[in-house]
Amino acid sequence: MHYVLECVECGSEFDDDSLVRCPECGGLLEVALRYDEIEVSRSTFEGRRLGVWAFRELLPVNTDDPVTMSEGGTGLHPCPRLGEELGVRELFVKNEGENPTGSFKDRGMTVGVTKAVELGAEVVACASTGNTSASLAAYAARAGLTCAVLLPAGKVALGKLAQALFHGARVIPVNGNFDDALDVVKKLADEGIVYILNSVNPFRLSGQRTIAYEICLQLDWEVPDAVVVPVGNAGNISAIWQGFLDLYRLGIIDELPRMYGVQAEGARPIVEAIRRGKEDIEPDPEPETVATAIRIGNPVNAIKALRAIRCSGGWAVEVSDEEILSAQRELATREGIFVEPASAASIAGLRKFVEEGEIDADERVVCVTTGHGLKDPETVMEVCELPEPVEPDPETIQRLIAE
Ligand SMILES: *Cc1c(COP(=O)(O)O)cnc(C)c1O
Ligand SMILES: [Zn+2]
């Protein structure tokens, strides 16, 4: 086998794929690739169509028949105008909204649901702020599995809710926030009632490592100085860092980037822990932000994310809802890229990192925008004004254009 599951807390190793937490200590499990057993080089990946499965040698599955819809292969867009405004030499946006269901969650689900099928699971489940449920609902439909999604009632963006409902998942709104919903799914998973596809699932996070693999390939195997990621449950920033480490340890890249986490002011346990030099977070019982995808008070992957940020020499910062919404608008109007509020946190955060001198003006920066703007049309319509209708005559229209 080219991988084992390794406990993040006690370091024990297991080669039983049905585990979702450490049987010794209850800690999180991570896929540890056995680099000696993997024979790859840059050219292994170069001739292939860009996407998650272009990196199949680095994925923890043993099937030739994955549950897939061409996920990954998202654009790494140069954003010179926005970069200049924010004061960095080279800004790229890795736009994960281009995935099949509109968020990076698809990278995890194609691997996670493939593993669920491999394991013979019948019911898959997750707690979700929205995108995880949209993605799992779609991949479960494709695999013919029963899917249950638990959502914090009233706090899920419209587009995501529509997706989960329409793909035929059992959508269960719960009275409580994301963290409460996740606690329930974890308990059901421990009892073997459902297969859990939250970011405690090590296979899912392996799929998300491909964000790092793709960035390196798209930059002709050069490594960015800094990678900026919005942080909710903190799985993604941990996975992306691990992805860079994989390539480094395989000898495919010879440098590592610094990892920067961005949270909302109203949900920022990771930022607090980084600032105070703490080993673990203090959960926030009442997270609140317009960026519902990162409205999480007790990130399950906190320990890994703190490690990623510290080991890489990065930093973390919080941004206000106002800063998030104005960054969202700037990215849309300056660069033509429409992302949801949580994704715009990376742009708002970059501005602060530059102001605080954490990121230098002459550096090459990648901001990961995590989900598509159409996911959350309601938030957008609150800040945009729809003009009154007019008569369709050329003079009126010309006047309006000139205004
Ligand atoms: C899930 C999600 C996040 C947060 O990712 P974590 O892995 O939970 O930190 C950020 N933005 C969007 C759009 C998401 O869907
Ligand atoms: Zn353990």
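This is a short talk on a predicted model of a protein with a bound ligand.

Hi everyone, thanks for coming. Please keep in mind throughout that we are looking at a prediction. I'd like to begin at the ligand and then walk out to a handful of residues along the chain.

So, the ligand. How many residues surround ligand 1? There are 15 of them, and the closest are K105, N131, N233, A234 and T370. If you sort that shell by character, six residues are nonpolar, seven are polar and two are charged.

Where does ligand 1 sit? You'll find ligand 1 in the largest cavity. Let me show you some of the backbone contacts there. A backbone N or O atom of G232 is 2.8 Å from an oxygen atom of ligand 1. Go along to N233, and a backbone N or O atom of that residue lies 2.7 Å from an oxygen atom of the ligand. Then there is N236, where a polar backbone atom is 2.8 Å from a ligand oxygen. As for cover, ligand 1 taken alone exposes 380 Å², and the protein buries 97% of that.

Let's stay with A234 for a moment, since A234 is among the closest residues to the ligand. A234 is in the loop between β10 and α9, with α9 covering residues 235-249. Is A234 buried or exposed? Its relative accessibility is 4%, under the 20% cut-off, so A234 counts as buried. The backbone is worth a look too: phi of A234 is near 75 degrees, a positive value in a residue other than glycine.

There is another residue to set beside A234, and that is D220. D220 also isn't a glycine, and its phi is positive, at about 55 degrees. You can find D220 in the loop between α8, residues 210-218, and β10, residues 226-230. The surroundings are another matter: D220 has a relative accessible area of 63%, which is over 50%, so D220 is exposed. To put the pair together, A234 is buried, whereas D220 is exposed.

Now for some helix residues. I240 is in helix α9, and I240 is buried because its relative accessibility is 0%. The C-alpha atoms of I240 and A305 are 10.0 Å apart, with their positions 65 residues apart along the chain. D106 is in helix α3, which runs over residues 105-118. What is the relative accessibility of D106? For D106 the value is 0%, so this aspartate counts as buried. Its C-alpha atom is 9.1 Å from that of R204, and those two residues are 98 apart in the chain.

On to the strands. V4 is in strand β1, residues 3-7, and its relative accessible area of 5% makes it a buried residue. From V4 to E30 the C-alpha separation is 8.3 Å, and the two are 26 residues apart along the chain. N95 is in strand β5, residues 90-95. With a relative accessible area of 7%, N95 is buried as well. Which side chain does the N95 side chain contact? The partner is the side chain of T369, in a polar contact at 2.9 Å.

One more stop, at H167. H167 lies in the loop between α5, residues 158-166, and β8, residues 170-174. Its relative accessible area is 38%, which falls between the 20% and 50% cut-offs, so H167 is partly exposed. H167 and V117 are 50 residues apart along the chain, and their C-alpha atoms are separated by 18 Å.

If you take one picture home, let it be the ligand site: ligand 1 in the largest cavity, with backbone atoms of G232, N233 and N236 each lying at those short listed distances from ligand oxygens, 2.8 Å, 2.7 Å and 2.8 Å in turn. Thanks, and I'm happy to go back to any of these residues on the screen.

Technical notes
Residues are numbered from 1 along each chain as its sequence is written. Chains are lettered from A and ligands numbered from 1 in the order in which they are written. This is a predicted model: local features need pLDDT of at least 70, side-chain atom pairs count only at pLDDT 80 or more; totals for chains, interfaces and linings use all residues. Side-chain values use heavy atoms; hydrogens and water are left out. A residue is near a molecule or strand if one of its heavy atoms lies within 4 Å of it. A polar contact is a pair of N or O atoms within 3.5 Å; within protein, one must be able to donate a hydrogen and the other to accept it, and residues adjacent in sequence count only if both atoms are side-chain atoms. Accessible areas come from the Shrake-Rupley method with a 1.4 Å probe; for residues, only the protein chains shown count as cover. On a 1 Å grid over the protein atoms alone, a cavity is a set of points where a 1.4 Å probe fits but cannot get out, and a pocket is an open set with protein on both sides within 12 Å along at least five of seven lines; lining residues have an atom within 4 Å of a point. A molecule sits in a cavity or pocket if more than half of its atoms lie within 2 Å of its grid points. Ala, Val, Leu, Ile, Met, Phe, Trp, Tyr, Cys and Pro count as nonpolar, Asp, Glu, Lys and Arg as charged, and the others, Gly among them, as polar. Helices (H or I, at least four residues) and strands (E, at least two) are DSSP runs, numbered from the N terminus. Buried means under 20% relative accessible area, exposed over 50%, partly exposed in between (1.4 Å probe, protein chains only).
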